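Dear colleague,

Please find below the structure that I am handing over to you. A short account of the findings follows it.

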Amino acid sequence: MSDVLTRLNAVLETERLALRHGDLAALTDIAPLKETLANDLSKDAALPRAQLEEIRALLERNLGLLTSAREGVRDVQARLNEQLRLRQGMTTYDRSGQESRIGPARPDTERRF
């Protein structure tokens, strides 16, 4: 059982480092490992309370990091969507309340990146 706990600690630490460094792609490789280790742990339900608390603390720590990463991705997605919407033009209203669309300015020369 200590081998499973050692591997779980290593996987959770790897996950923590990936989240701290913004390596979200690494999380897809980590998820199956966590699932396998969770299954291995569930086969032996006689874990001491101290070890269960340690695992819970590590999982909660990583959950906080995962939540922050998800919020960050959503913020970036919202910002990119807003920039796209602004590039497509803007809707405004004149004095009489009629809707008017203002398109993006067309440059005289095409910019290429």
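**A nonpolar surface patch**

L86, M90 and I102 together make a nonpolar patch of about 260 Å² on the surface. The model is a predicted one, and this should be kept in mind throughout.

Of these residues, M90 lies in strand 1. Is M90 buried, or is some of it accessible? Its relative accessible area is 41%, so M90 counts as partly exposed, and this value also lies over the 30% that a patch residue requires.

**The hairpin**

Strand 1 covers residues 90-93 and strand 2 covers residues 99-102. The two are paired in the antiparallel sense, with four bridges between them. Within this pairing, Y93 is placed opposite E99 of strand 2. The two strands form a hairpin, and five residues separate them. In the turn, G97 adopts a positive phi of about 90°. As a general point, side chains in a regular strand alternate between the two faces of the sheet.

**The chain as a whole**

The secondary structure consists of three helices and two strands, in the order α-α-α-β-β from the N terminus. The chain has 113 residues, of which 18% are buried. Its exposed area is about 9100 Å², and carbon and sulfur atoms supply 53% of that area. Among contacts with a separation of 6 or more, 53% are between residues 24 or more positions apart.

With kind regards

Note on methods:
Residues are numbered from 1 along each chain as its sequence is written. This is a predicted model: local features need pLDDT of at least 70, side-chain atom pairs count only at pLDDT 80 or more; totals for chains, interfaces and linings use all residues. Side-chain values use heavy atoms; hydrogens and water are left out. Two strands pair if DSSP finds at least two bridges between them. Buried means under 20% relative accessible area, exposed over 50%, partly exposed in between (1.4 Å probe, protein chains only). Contact means heavy atoms within 4.5 Å. Accessible areas come from the Shrake-Rupley method with a 1.4 Å probe; for residues, only the protein chains shown count as cover. Patches are made of residues with over 30% relative accessible area and no salt bridge: like charges are joined within 9 Å, nonpolar side chains (Val, Leu, Ile, Met, Phe, Trp, Tyr) within 5 Å. A salt bridge is a side-chain nitrogen of Lys or Arg within 4 Å of a carboxyl oxygen of Asp or Glu.
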